[in-house]
Structures are given as structure tokens and as C-alpha cells.
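Take a walk through this structure, one feature at a time. The path starts in a loop and ends at a patch on the surface.

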Amino acid sequence: MHDYFLFIGLPYVALFSLIAGTVYRFNSKKFSISSLSSQFLEKEKLLWGSVPWHIGIITILGGHIVAFTMPSFLQALVSNVKILYTFEALGLTFALFAFCGLIILFVRRLRNARIQAVTSNMDLVILSLLTIQILLGILIASLYRWGASWSTHTLAPYIQSIFSFRPDITYITNMPFVVKAHIAVAWLIILLIPFSRLIHVFALPLEYLFRLPQIVVWNSRRQEESVITAQIESESRRFFLKAAFGITSGLILFITGIADKIIPFFRGPELSKGEKGELLKQKLQKMKATIKQKELETERLTKDFIYISDLKNLKTDEGIYFIDYQMKPALAFKGDNGLPILYSAKCTHLGCTVTNKVKEGALLCPCHVSHFNIKTGDVIDGPAPKPLPKVKHILMDANNHIVVNIDKSKLDEYKVYIVKGENT
Ligand code: HEM
Ligand code: FES
């Protein structure tokens with residue numbers, strides 16, 4: 001029950017709050033859309049905290065967005081072990097970077113009296129939630145390694161199901177507590193964005209690039225005012241010229257780079273006949289894969305039995321992959337008694353697909369090395385908490401009648417079908 005609240009109710013409340021709250025603040029309190037900088041109250045610790053925090057968190061959230069929006073692309077990348085290791089190491093490094101920055105910012109708010117005076121309760125709540133969230137992220141990355149791989153077929157479909165308004169929490173109900181807590185805290189942070197200084201993520205201060213620098217001075221020092229004004233003016237002019245030069249050079253390089261890509265885009269790629277053929281073939285393959293997927297879904301919605309294989313084609317040491325009624329991968333083997341054994345191939349740990357080769361009587365989940373007994377589906381070793389669920393199936397004879405009494409002499413004539421319903 002609380003899973004429904006945390007992973008369906010809370011996300012929609014959070015997204016509603018994000019959209020409605022942000023629109024409200026932009027319309028009625030436009031001036032407050034800012035991080036309400038405290039730089040002029042204290043700047044040294046701010047620099048040491050803010051820079052690592054922003055570099056770390058922006059990189060990590062960028063990684064999260066790629067994982068949620070392009071899971072197949074990420075999965076293809078991390079199927080190369082070297083890339084997987086690199087992503088994991090980079091994720092952890094940037095997380096530690098962000099964590100150190102955040103702690104410096106937190107301590108600064110608690111210990112500096114001037115900053116304390118401008119710190120609201122909401123600031124403390126947000127800083128605490130972010131600290132917990134980063135710690136949970138680091139825990140996941142260390143305890144449940146290869147997240148870049150297993151999250152693409154568990155967490156990514158969950159997030160996509162929320163955004164497509166077809167929420168499906170079955171992807172995450174069996175996840176460990178740390179992962180569930182990480183997801184719930186994320187929705188909580190999203191919910192609070194419009195009510196906190198995190199709202200500044202929607203207000204990129206681009207005008208600062210073009211504006212003259214401003215120095216804030218206390219107006220009690222009136223006698224120094226004219227000197228300071230003169231200094232500011234000359235400093236400003238020098239700064240403006242430097243900035244203008246930097247920005248113009250940057251823009252020229254940027255425009256040259258973009259033009260290099262855009263001009264060939266409008267001209268159209270000049271492909272040889274062979275390349276054109278290859279491109280068409282790839283498009284056709286993608287379309288066929290989508291059609292196949294839709295056909296599978298329709299078949300599962302409309303039919304009570306689905307053909308998997310002739311019993312004689314099943315093997316004891318190598319399974320045939322198929323898609324079960326939940327549209328998840330499953331495996332069919334032949335048992336020692338000549339009858340079929342069908343398991344869900346989704347590991348009960350974090351949902352990776354188990355391999356189809358039987359070694360020493362066991363099936364392996366390569367993500368965190370769990371072994372499952374091929375005869376019973378039970379966990380032999382590894383972090384998987386439950387056996388592999390069995391897929392309900394029946395046998396049909398040569399006349400397409402359901403076999404009620406198995407005739408051992410006719411096993412080669414039998415065909416294996418899966419039956420509508422949950423795996424057990
Ligand atoms: C406020 C939003 C979030 C923040 C600040 C955040 C932060 C982090 C951090 C700092 C890490 C550790 C660095 C890393 O290994 O990449 C991490 C890891 C992770 N996060 Fe998040 N996260 C957020 C939302 C989410 C959500 C919504 C999900 C899933 C639905 C998620 C899933 C994961 C996973 C699976 C990992 C482990 C990645 C790996 O081991 O490669 N995060 N997160
Ligand atoms: S997903 Fe971790 S062992 Fe299978």
C-alpha cells in the first residue's frame with residue numbers, strides 16, 4: 001500500500017507541485033526566482049562549497065537524465081565492460097565531489113552568524129534532503145554496483161511509466177530499501193523545489209554574461225563613495241572589455257563549430273549508394289523491431305495460451321529465451337525427466353536478465369553474481385533474495401488438445417505453451 005503512495009501518489013503530487021508552484025512563483029513573485037545569493041556576506045567558503053557541488057551534481061543529474069530518457073543507448077554503451085567501469089568510477093567521483101561541496105555549504109550555513117541570519121527552515125530541510133539523497137546515491141553505487149546497467153531495465157521503465165501516465169511500480173517493488181528511499185527522496189525534493197531556493201534552477205542568469213559587474217557597498221561609508229565609484233567605473237570598463245573579448249572569441253568558435261554541422265545538415269548528407277542502402281536497412285530493422293514488440297503485446301492481451309517451442313527442441317543445458325505475459329524475458333529448458341521447466345529470466349535481485357547456459361546445475365545472473373538452481377529456481381548463492389518465479393505453462397498434443405495425462409512415449413509430439421496469468 002505505501003508503495004502505491006510513495007511511487008505513484010507522491011510522484012504525481014510532486015510533478016503537479018513543481019509545475020503549478022513554479023508557474024505561480026514566476027507570475028506572482030518573479031523577483032524571488034533566485035538562489036538569493038549570500039556571496040556578499042561570505043565568499044571564501046561559498047566558493048569551495050558551491051563550485052564542487054554544482055560541478056558534481058550537474059554531471060550526475062545529467063547522467064540520470066540520459067539513463068531515464070535513453071536506456072537502450074546507455075545499455076548498448078555499458079555492455080562494453082570498460083565503459084561500464086568508467087561510468088561507475090566517474091559517477092562515484094562526481095558524487096563524492098558534490099558531497100564534499102554540499103557539506104561545506106551546509107556547515108557554512110550553520111556556523112557563520114551572518115549567513116545564519118538569512119537561512120530559513122526550508123534551506124535546512126532542502127540541504128538535509130540533498131545530503132541524505134547524495135549519501136543514498138553513494139550507497140547504491142557501492143552496495144549494488146553496475147547501476148548504469150541494471151537501472152536501464154528497472155528504474156528507467158518505472159520513470160517512463162510515470163511520465164507516460166501509465167504508472168507501473170512492479171519494476172521497483174522488489175528493490176532494496178536504499179534504492180526505494182533514493183527514489184522517494186527524489187520525489188520529495190522535486191515537490192519542494194518551488195517552495196525553496198532550488199527554484200533558481202529555472203532561472204539561468206544569462207543576463208549576467210552581458211551586464212557590467214556590480215559591486216555591493218555598504219552605504220554607511222559615504223565619504224569613500226566617490227573614490228569607490230571612480231574605481232568601480234574604471235574596473236568595470238576593463239572587465240567589460242575583457243569579457244566582451246572572451247565572449248566574442250567564444251561565440252566565433254561556437255558558431256564555426258555549429259555551422260560546420262548545420263550546413264551539411266541542410267545540404268543533406270552525401271551518401272554513396274551503399275551507405276544509403278545500409279541506412280535504409282537500419283531504419284527497416286528498427287521498424288520491424290517496433291512492429292514485433294507491438295505484435296507480442298497484442299498477442300499477450302488477446303490470447304490465453306502462447307506457443308513457445310516444441311518440447312523436443314528444448315535442451316537441458318541451454319535455455320530458449322522468450323517473452324512472458326508480463327512482457328519480461330523468460331527461459332524454457334527441458335528437465336531431466338523430459339518435461340519443460342520455464343522460469344522468469346528477470347533476476348529477483350535488481351532485475352538483470354539471467355544467462356541461458358546451465359553450468360554445474362545453475363543459472364547465473366551476471367550483474368552481481370547470483371546463482372539459481374536449474375531444477376527448482378532456488379537461490380544457491382549471491383544477493384538475490386528470492387527464487388526465480390516459475391512461468392505457468394501447459395503441453396498440447398499433435399491435435400492441439402491440452403495434455404491432461406502425460407504419455408511419456410509421445411513427449412516428442414508435445415508443444416509447450418505459456419498460460420495467461422502471473423508467474424509464481
Ligand atoms: C533529486 C534527485 C536525485 C539526486 C540528487 C540523485 C543523486 C545521486 C547520486 C549523488 C548518486 C551517486 C553517483 C552515481 O553513482 O551516479 C546517485 C546514484 C544513483 N541514483 Fe540518483 N539521484 C536522484 C534521483 C534519482 C532517481 C529518481 C532515481 C531512480 C528512479 C535514481 C537512481 C539512481 C541509481 C540507480 C544510482 C546508482 C548509479 C550507479 O551505481 O551507477 N536517482 N544518485
Ligand atoms: S541483479 Fe543483482 S544479482 Fe541479479
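In which loop is E360 found? The place to look is the loop between β4 and β5. Keep in mind that the model is predicted. E360 has a backbone oddity: its phi is positive, about 50°, although E360 is not a glycine. This residue is also exposed, with a relative accessible area of 85%.

F165 shows a positive phi too, of about 60°, and F165 is not a glycine either. Look for F165 in the loop between α8 and α9. Its relative accessible area is 64%, so F165 counts as exposed.

Go back to the loop that holds E360. K357 sits between β4 and β5 as well. The side chain of K357 meets that of E318 in a salt bridge, with 3.9 Å from N to O. This pair links distant parts of the chain. K357 belongs to the loop between β4 (340-344) and β5 (362-365), while E318 belongs to the loop between β1 (305-310) and β2 (320-323). The two residues are 39 residues apart. Both partners have some access to the outside. K357 is partly exposed at 44% relative accessible area. E318 is partly exposed at 30%.

Why can such pairs form? Side chains of opposite charge can pair when their charged atoms come close. The count of salt bridges in this model comes to 8. One of them joins D310 and K312, at 3.6 Å from N to O. K312 is partly exposed, with 44% relative accessibility. Another salt bridge joins E299 and R300, whose closest N and O atoms are 3.1 Å apart. Here the two partners fall into separate classes. E299 is partly exposed, at 24%. R300 has a relative accessibility of 6%, under the 20% limit, so R300 counts as buried. Salt bridges also build a network, which links R109, D123 and R197.

D123 leads to the next stop, helix α6. D123 is one of the buried residues of this helix. Helix α6 covers residues 121-143, which makes 23 residues. From first C-alpha to last, α6 reaches 33 Å, close to the 33 Å expected at 1.5 Å a residue. The buried residues of α6 also include I126, L127, L129, L130 and T131. Further along the helix, Q133, I134, L136, I138 and I140 are buried too. A general point helps when reading such a list. An α-helix has 3.6 residues a turn, so residues three or four places apart point the same way.

Now turn to the metal. What coordinates the iron atom of ligand 1? H64 and H182 do, each through NE2, at 2.0 to 2.1 Å. H64 lies in helix α2 and H182 in helix α9 (residues 177-192), so the pair ties together parts that are 118 residues apart in sequence. The site has 6 donor atoms, with angles of 86 to 180° among them, and is octahedral. For six octahedral donors the ideal angles are 90 or 180 degrees. The two histidines are covered to unlike degrees: H64 is partly exposed at 30%, whereas H182 is buried at 15%.

Follow H182 into its helix. α9 has 16 residues and reaches 22 Å from its first C-alpha to its last, close to the 22 Å expected at 1.5 Å a residue. Of the 16 residues of α9, 12 are buried, so the helix is largely enclosed by the rest of the structure. Among the buried residues are V178, V179, K180, A181, I183 and W187.

Helix α8 spans residues 155-163 and contains A156. A156 is buried, at 1% relative accessibility. Its C-alpha atom is 6.5 Å from that of P71, although A156 and P71 are 85 residues apart along the chain.

The last stop is on the surface. L47, W48, V51, I55 and F97 make a nonpolar surface patch of about 510 Å². Which helix gives the largest share of this nonpolar patch? Helix α2 (residues 44-69) does, with 4 residues. V51 lies in helix α2 and is partly exposed, at 41%. The same helix, α2, holds the iron ligand H64.

How values were computed: Residues are numbered from 1 along each chain as its sequence is written. Chains are lettered from A and ligands numbered from 1 in the order in which they are written. This is a predicted model: local features need pLDDT of at least 70, side-chain atom pairs count only at pLDDT 80 or more; totals for chains, interfaces and linings use all residues. Side-chain values use heavy atoms; hydrogens and water are left out. Patches are made of residues with over 30% relative accessible area and no salt bridge: like charges are joined within 9 Å, nonpolar side chains (Val, Leu, Ile, Met, Phe, Trp, Tyr) within 5 Å. Accessible areas come from the Shrake-Rupley method with a 1.4 Å probe; for residues, only the protein chains shown count as cover. A salt bridge is a side-chain nitrogen of Lys or Arg within 4 Å of a carboxyl oxygen of Asp or Glu. Buried means under 20% relative accessible area, exposed over 50%, partly exposed in between (1.4 Å probe, protein chains only). Donors are N, O and S atoms within 2.8 Å of the metal (3.2 Å for Na, K and Ca); water is not among the atoms, so sites may look incomplete. Four donors count as tetrahedral if all angles lie between 85 and 135 degrees; four count as square planar and six as octahedral if opposite donors are over 155 degrees apart and all others between 65 and 115; anything else is irregular. The expected span of a helix is 1.5 Å times one less than its number of residues.
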